[in-house]
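Hello,

Here is the structure I promised to hand over. My notes on it follow below.

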Amino acid sequence: MITTLTLNPAMDKTLILENFVVNGVNRVKSVNLDAGGKGINASKVIKALGKDTVALGFLGGETGESIISMLKDKGIDEDFIRISGNTRTNTKVVDIINNTCTDINENGPEINNNELKELMEKVLLHSFKSEIFILSGNAQSSIPSTIYKDIIESINSNTKTILDASGILLKEGVKAKPWMIKPNISELRELTQKNINTIDELIVECNFILDYGISYVCVSLGEDGLILMSKDGTCLATPPKVIAKSTVGAGDSVVASLAVSFLNGEDLIEASKKACAISAATVTLENTGVPSKEIIDKFYNLIKIKNY
């Protein structure tokens, strides 16, 4: 079982249009609604890859109920805390002529102490049932910046933890020594306070992280692919050039794919190749869905691997 935690879920509303005009009237060609948030996105991919998953976090209001219904339709188990506030909606404006994607994200509802306490209890309970526990995404301003650190410290002895966060949430969470972290290159620079510009510089900084006690580091490099590192080696996976219609969910696909690969006992090369393939396939989608197996397999055969 792979459990995901999404503290600040969202309904992803994708508007497809042509030639988006600022300060003008835009006609929408189509609208897509989907359950969103980094952990939820990961659960969707995990389920599509054939593994059981349960999604945790906070949901509220009519939007929250709609997300629960969508997850049930996809066969994803959930154990969300029902809150009084209404779950946010994130709007993505995709211009299919100019290949642009504009995100308009809401802040999300406040979380009170009782709701937070209930979440911590559920997280601990599910950690005993989980082989891997993914903690990803931002948190509402009412949630302490040490939330991921506190959770990892409470469950690290029960399950393997993967942290995919940014800013202070990542900085604090790393202190608890999660099993794996997955920053992008900008988040890694912020975490290390180093101006990392080359692969060699990146490897040096990630080795410091591994020495600290974290078992795996995966760094997303955008269109240049990803690097996956452990004490056993370092793999750079590079995808072919693609036209990105939306980058939403690409990093979440990486986390989900790596979690599944680890459960399957795959090595660094295979795990990084599969993660890079599904990430590249994801950015070709206009919405926050999961690419088909045929598309993922197509990209898999085009991924280049370099060992360091």
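**Helix 4 and its surroundings**

Helix 4 covers residues 147-155, and its buried residues are Ile 147, Tyr 148, Lys 149, Ile 151, Ile 152 and Ile 155. They pack against two helices and three strands: helix 3 (113-127), helix 5 (167-174), strand 1 (2-6), strand 9 (132-136) and strand 10 (160-164). Please keep in mind that this is a predicted model.

**Overall picture**

The protein has 10 helices and 15 strands. Its C-alpha trace spans about 50 × 45 × 35 Å along the principal axes. The radius of gyration is 19 Å, which agrees with the value near 19 Å for a compact globule of 308 residues. Of these 308 residues, 53% count as buried. Take the contacts between residues at least 6 apart in sequence: 66% of them join residues at least 24 apart. The exposed area is about 13700 Å², and carbon and sulfur atoms supply 48% of it.

**Helix 1 and Ser 43**

Helix 1 (residues 38-48) is where Ser 43 is found. The helix is mostly covered, with eight of its 11 residues buried. These are Gly 39, Ile 40, Asn 41, Ala 42, Ser 43, Lys 44, Val 45 and Ile 46. Just after helix 1, Gly 50 has a positive phi of about 95°.

How accessible is Ser 43? Its relative accessibility is 0%, so Ser 43 counts as buried. Leaving out residues up to four places away in sequence, Ser 43 touches Thr 4, Thr 53, Val 54, Ala 55 and Ile 76. The side chains of Ser 43 and Thr 4 share a polar contact of 2.7 Å. A polar contact of 2.9 Å joins the side chains of Ser 43 and Thr 53.

**Thr 53**

Thr 53 sits in strand 4 (residues 53-60). It is buried, because its relative accessibility is 3%. With neighbours within four places in sequence set aside, Thr 53 is in contact with Met 1, Ile 2, Thr 4, Ser 43, Ile 46, Lys 47, Ile 76 and Asp 77. One polar atom of the Thr 53 side chain lies 2.8 Å from the backbone oxygen of Ile 2. Thr 53 and Ser 130 are 77 residues apart along the chain, yet 8.9 Å separates their C-alpha atoms.

**Salt bridges**

Side chains of opposite charge can pair when their charged atoms come close. The structure holds 14 salt bridges. Some of them:

- Glu 18 and Lys 29 meet through their side chains, at 3.8 Å from N to O. Glu 18 lies in the loop between strand 2 (10-17) and strand 3, and Lys 29 in strand 3, so the pair ties together parts that are 11 residues apart in sequence. Glu 18 is partly exposed at 39% relative accessibility. Lys 29 is exposed at 53%.
- Asp 211 forms a salt bridge with Lys 231, and their closest N and O atoms are 2.3 Å apart. The pair links distant parts of the chain, 20 residues apart: Asp 211 is in helix 7 (residues 199-212), and Lys 231 is in the loop between strand 13 (226-230) and strand 14 (233-238). Asp 211 is exposed, with a relative accessible area of 53%. Lys 231 is exposed too, at 56% relative accessibility.
- Glu 172 and Lys 175 meet at 3.1 Å, N to O. Glu 172 is buried, with a relative accessible area of 13%. Lys 175 is partly exposed at 42%.
- Lys 38, Asp 164 and Asp 252 are linked in a network of salt bridges.

**A nonpolar surface patch**

Which residues form a nonpolar patch on the surface? They are Val 28, Val 31 and Leu 33, with about 250 Å² of accessible area together. Leu 33 lies in strand 3 (residues 28-36). Its relative accessible area is 46%, so Leu 33 counts as partly exposed.

Best wishes

Notes: Residues are numbered from 1 along each chain as its sequence is written. This is a predicted model: local features need pLDDT of at least 70, side-chain atom pairs count only at pLDDT 80 or more; totals for chains, interfaces and linings use all residues. Side-chain values use heavy atoms; hydrogens and water are left out. Helices (H or I, at least four residues) and strands (E, at least two) are DSSP runs, numbered from the N terminus. Buried means under 20% relative accessible area, exposed over 50%, partly exposed in between (1.4 Å probe, protein chains only). A polar contact is a pair of N or O atoms within 3.5 Å; within protein, one must be able to donate a hydrogen and the other to accept it, and residues adjacent in sequence count only if both atoms are side-chain atoms. Contact means heavy atoms within 4.5 Å. Patches are made of residues with over 30% relative accessible area and no salt bridge: like charges are joined within 9 Å, nonpolar side chains (Val, Leu, Ile, Met, Phe, Trp, Tyr) within 5 Å. Accessible areas come from the Shrake-Rupley method with a 1.4 Å probe; for residues, only the protein chains shown count as cover. A salt bridge is a side-chain nitrogen of Lys or Arg within 4 Å of a carboxyl oxygen of Asp or Glu. The radius of gyration is taken over C-alpha atoms; the globule rule is 2.2 Å times the number of residues to the power 0.38.
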